[in-house]
Every structure is written in C-alpha cells, then in structure tokens.
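Could you walk me through the inside of this protein? A few questions should do it.

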Amino acid sequence: LAQNVGNGQGLFDYQEVKNSLWTFPASVPPGLALTELNTRSQGQIEKSLIAGQKDADGEKIIAQIRWLIPARLSSTEYVDSDHQIWVARNFEYRSTFHAWRNWTLVRVWLRLAGAKSITVSDVSGLYLSEQGMSMLVFQKGPYIIALTCPRATTSDGLVALGNLFQV
C-alpha cells in the first residue's frame, strides 16, 4: 500500500520484512485467495510465549527453549473456493545447522505420529493427515516450512503449494 501511494518500497523498506517474505510463493497459488500475512521476530515470539509470567520465571523458560525458537516466523493464510483455510508457516533459523537440528526433532515426532515421507521442493518432507487436517513439513536451508489445510485435501495440493516456496 505504501508503495502504491509513492512512499518508497512500502514494506520492502524494512530489510527484515523483505528477507522473510521473499520465500513465500511469488503469486497466490491457483484456487486460493490470500487473507492474511504475518511475520514475527524471535523477540516477539519469546514475549508471546511468556505472556503473563513473572519476568524471572519467563526468562528461565525462554533460556531453556531458546534453541527451538526461530529467528523469524512468517505465516500466510489462504482460503480456498470451499472457504477452507490453508496456512503456510516459515520458521526461519539463523543457519542451516539450526534448522536441521530442529528438523531432526520434528521428524522424530511426526514419524511417531505416522507421517509418511514425500518429496517437496527437491527435498524429503513429511506428510500427515488426521484429526480433520493435513500437514506437510519440510526443511530446506535455514527454513522449516509447515503447511496445513483441510483433511480432505490430498498430499498433491500441499506439495504443489510447497513447491512454490522460493527456498
């Protein structure tokens, strides 16, 4: 909007926003309409995790789990023609090693839940469909991408969306 009224590059004036958003599909995927776009820094994520805690207690909690928290979390929400919500989350870590370490943990839990291997964006991801939703998660470089949608959706729809990510 800011760019449309002649105010510089709009959101892209902010390097941290530009770096987070470029990984999402360059255009809205066919059959979906973009309804929400959100990005949070590590500090914002930490504050939301300890909201309502005493400062000292909150800091102890964060100190123990900080390695799990991404440097930036960006998400988009889409709606399909049946008014079903699709969500894409991009967990951006400081390095490929940090993402890989957390991806290793995610893989263990998803495999225990019954997730199946599937190829997306030229890497091996995991697909799980149960309890009213389908999920596809994969790691590429410093990113862990998590896609969710209604259960009735086949893995093909999620893989198609995952392949559009610019990672």
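What follows is a short conversation about cores and a pocket.

Reader: What kind of model is this?
Author: Residues are numbered from 1 along each chain as its sequence is written, and side-chain values use heavy atoms, leaving out hydrogens and water. Local features need pLDDT of at least 70, side-chain atom pairs count only at pLDDT 80 or more, and totals for chains, interfaces and linings use all residues, as this is a predicted model.

Reader: Which element gives the largest share of the largest nonpolar core?
Author: A nonpolar core is a set of buried (under 20% relative accessible area, 1.4 Å probe, protein chains only) Ala, Val, Leu, Ile, Met, Phe, Trp, Tyr and Cys residues joined through side-chain atoms within 4.5 Å. The largest one has 20 residues, and Trp86 and Phe165 are among those with the most contacts inside it. Elements giving it two or more residues include strand S3 (85-92), strand S7 (143-150) and helix H5 (155-163), where strands are DSSP runs of E, at least two residues, and helices of H or I, at least four, numbered from the N terminus. The largest share, 4 residues, comes from S7.

Reader: Which residues does Phe165 touch, leaving aside its neighbours within four places in sequence?
Author: Contact means heavy atoms within 4.5 Å. By that rule, Phe165 is in contact with Thr23, Phe24, Pro25, Ala88, Ile145 and Leu147.

Reader: How many residues are in the other core?
Author: This core lies apart from the largest one, and Tyr93, Trp103, Leu126 and Ile144 are among its members. Its count is 10 residues.

Methods
Buried means under 20% relative accessible area, exposed over 50%, partly exposed in between (1.4 Å probe, protein chains only).
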